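Here are a few short exercises to try with the model open beside you. Have a go at each task before reading its solution.

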Amino acid sequence: MDLAEDSWVWKYDPSGRFSVRSAYLTLTGLEVVSDPNPLLLRVRKSWAPSKVIVFSWKLLQDRVAIRQNLLRCRVIKDISDFLCALCGVSVESVGHLFTSCDSIFPVWYKLARWLGFQFVSPNSIIGMFEGFLGFSVNRKFRLGWMLIWHAAVWSIWNSRNYLSFARGTVSVDTLVEKVKLSSWKWFLAKNPGNPCSFYEWEVQPVMC
Ligand SMILES: [Zn+2]
């Protein structure tokens with residue numbers, strides 16, 4: 001009679017097997033999901049700082065502390081507390097805050113014009129991500145536009161957090177400038193020695 005032998009199982013990987021890659025992804029917050037959307041895997045290949053990549057990874061899976069999710073977890077209970085921190089009109093969901101909010105939609109529109117493609121409004125954050133990267137024609141463009149994607153969602157989230165604790169408004173132009181500046185700084189950090197000036201980045205992003 002065969003008896004099943006005891007064995008070690010690495011619980012952070014669907015296969016149950018330990019690997020250095022799996023451990024790295026777990027420790028950095030980019031844990032392996034059992035049936036990953038191939039699009040999600042593209043988030044990791046970026047010049048953006050790792051904390052920003054982790055945020056995007058969670059955002060695309062609707063796993064950030066947005067008010068709709070806080071309501072689901074009963075962290076907040078008052079109905080007035082889950083309205084969007086930017087417009088104060090709609091429920092603050094990932095889809096609303098990062099795509100359809102009146103304060104944010106013009107940001108994507110301006111970024112698309114900056115990058116030189118026609119922008120069609122998607123109805124989900126995955127659709128936004130897919131559409132944003134769908135126009136990249138080669139690896140360099142893909143890395144550059146991915147960088148700008150990361151800078152956009154990171155800037156939107158930071159502005160939202162700021163407004164959650166302070167009165168005021170978010171200017172579309174200020175947000176767009178933040179995206180341009182952050183993406184340029186992150187590009188230079190991963191490409192030391194590149195002489196690209198901010199002016200050049202603004203005129204022809206990704207061509208530096
Ligand atoms: Zn809103």
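Helices here are DSSP runs of H or I with at least four residues, and strands are runs of E with at least two, numbered from the N terminus. The model is predicted, so local features need pLDDT of at least 70 and side-chain atom pairs count only at pLDDT 80 or more, while totals for chains, interfaces and linings use all residues. Residues are numbered from 1 along each chain as its sequence is written, and side-chain values use heavy atoms, with hydrogens and water left out.

**Exercise 1.** Find where Asp62 lies, then check its backbone.

Step 1: go to the loop between H3 and helix H4 (67–72); Asp62 is there.
Step 2: look at phi, which is positive at about 55° although Asp62 is not a glycine.
Step 3: check accessibility. Buried means under 20% relative accessible area, exposed over 50%, and partly exposed in between (1.4 Å probe, protein chains only). Asp62 comes out at 31%, so it counts as partly exposed.

**Exercise 2.** Work out how Phe98 and Trp157 form an aromatic pair.

Step 1: get the rule straight. Rings of Phe, Tyr and Trp (its six-membered ring) pair if their centres lie within 6.5 Å; planes under 30 degrees apart are stacked, over 60 edge-to-face, and the rest tilted.
Step 2: the structure holds 11 such pairs. In the one between Phe98 and Trp157, the centres are 6.2 Å apart with 25° between the planes, so by the cut-offs it is stacked.
Step 3: place the partners. Phe98 is in helix H5 (residues 94–100) and Trp157 in helix H8, 59 residues apart, and the pair links these distant parts of the chain.
Step 4: Phe98 has 0% relative accessibility, so it is buried; Trp157, at 10%, is buried too.
Step 5: widen the view, and ring pairs link Phe55, Phe98, Trp154 and Trp157 into a cluster.

**Exercise 3.** Name the residues with the most contacts inside the largest nonpolar core.

Step 1: such a core is a set of buried Ala, Val, Leu, Ile, Met, Phe, Trp, Tyr and Cys residues joined through side-chain atoms within 4.5 Å.
Step 2: the largest one has 55 residues, and Phe98, Trp108, Phe132 and Trp149 have the most contacts inside it.
Step 3: ask which element gives the largest share. That's H8, with 13 residues.
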